[in-house]
Amino acid sequence: MTKRDYYEILGVSKTAAAEEVKKSYRRLAMQHHPDRNPGDKTAETKFKEASEAYAVLSDGEKRAQYDQFGHSLGGRGFQGFEGFEDSFRGFGDVFGDIFEDFFGGSSSGRGSRGGSRSRRGSDLEMGVEIELEDVLNGKKVTLEIPRRETCSDCDGGGSAPGAKKQTCSMCAGRGEVRVSQGFFTLRQTCTQCQGEGSMTDKQCPKCQGQGRVRKTRKLEIQIPPGMESQSRLKVTGEGEAGMRDGGRGDLYLVVMVKDHALFERRESDLYIEVLAPFTTLALGGKISVPTLEEEETLEIPPSTPSAKIFKISGLGLPMMRNPKIRGEIYVRVDVEVPKKMTPEEKELLKELAKLRGEITPQKKKGIFDRIKGNL
Ligand SMILES: [Zn+2]
Ligand SMILES: [Zn+2]
């Protein structure tokens, strides 16, 4: 299927400024929004199409890529746009306005006329990988997070230095306009000034009037002990910058705990398998068992069967809900059969087997009988 050109969809020229792209998108989104056109598939398609085009053209980086490569980026490119649910999150500032227009009516409930339209920044989500050992004491990680920051050139205002504020010609400074829709007259946020009532005569060149710019931030974050794999850690106020004084969104870290070579984890408990010589299991003795800290000595009582499980209390991982309490380490001890033996060792073992009546002609007792005999 051939895709329509994004500029064509939004009805803007290739050189259109960010503000014009946004304006055009708002107009199309209002017109084709599914809530306004219930059951109208064409409108829904148009709405999604416009949302996708806006998702790309409103993002400086993506727009530059699109200008260079068009739709031909294939799997990695603009198909990464994950349907229109996501466009709500990514472009909350634009959609928020639309929803208010739809459901809340006017901007009159939003405080003073022509005041700043603040909006909280989006939440971000990011994955981070840690070792099982890090679950024990927690870990300080340094992350590079690409996010939108308040533009330093214009302090988020979107105006170039020395620019003058002009009363918006479309709404005459009221921040809203009246639109007839059939029988109704609706009050809507002015699309020219975004409800500010005034406009700058010169946009800040650094952020193209957006008030925010993309930046990669280095952050040091302390991951607490006891985190389970796939759990989310909320870092308050480290999401994207808001619009005007809208406050930052939050950052969510999805913690992935790597598999360990020796231990298997179940919540706060650890499981490990170790081998002990036959003689130790038979006669009793001590073996050493690795933990996430120092090695522990495990007392093996005489006549210990193979695959017996021992518990080392309190040396497992901290519990996620209460890191002061630690789980257990469960140790499964299996018998170690020697791979190589000296002739002398073999002799001794044969002697023992003879003593115990274990050297038997093949037929005397099958393995099945022996199992039955044990029951
Ligand atoms: Zn700026
Ligand atoms: Zn206006």
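Which residue takes a positive phi in the hairpin of β10 and β11? In this predicted model, the residue is Glu267, with a phi near 50°. Two residues lie between the strands of that hairpin. The two strands pair in the antiparallel sense, and three bridges hold the pairing. Strand β11 covers residues 269-277, and β10 covers 264-266. One bridge sets Glu264 against Tyr271 of β11.

The hairpin belongs to an open sheet of four strands. Their order is β10-β11-β15-β14, and the pairing is mixed. The edges are taken by β10 and by β14, the latter spanning 308-312. Each of these two has a single partner strand, so one side of each is left without a neighbour in the sheet. Direction ignored, neighbouring strands are turned by 30° against each other on average.

Inside the sheet, β11 and β15 run parallel and are paired over eight bridges. Tyr271 of β11 stands opposite Tyr330 in β15. Tyr271 is also the bridge partner of Glu264. On the β14 side, the sense of pairing is antiparallel: β14 and β15, the latter formed by residues 329-336, share five bridges. Here Lys311 stands opposite Tyr330. Tyr330 of β15 thus faces Lys311 and Tyr271.

A further open sheet has three strands. The order is β1-β9-β8, again with mixed pairing. Strands β1 (124-130) and β8 (231-235) form the edges, and each pairs on one side only. The twist from one strand to the next averages 30°. Strand β9 comprises residues 251-257 and runs parallel to β1. Seven bridges join the two. Within this pairing, Glu125 has Tyr252 of β9 as its bridge partner.

Confidence varies along the chain. The mean pLDDT of the protein chain is 82. A value of 70 or more is reached by 83% of the residues. Over residues 74-115, by contrast, pLDDT stays under 50. For this segment the model has 53 contacts beyond four places in sequence.

Notes: Residues are numbered from 1 along each chain as its sequence is written. Chains are lettered from A and ligands numbered from 1 in the order in which they are written. This is a predicted model: local features need pLDDT of at least 70, side-chain atom pairs count only at pLDDT 80 or more; totals for chains, interfaces and linings use all residues. Two strands pair if DSSP finds at least two bridges between them. Axes are lines fitted to C-alpha atoms, for helices over the stretch in contact, and angles run from 0 to 180 degrees between N-to-C directions. pLDDT is the predictor's confidence in each residue, from 0 to 100. Two residues are in contact if their C-beta atoms, placed from the backbone, lie within 7 Å.
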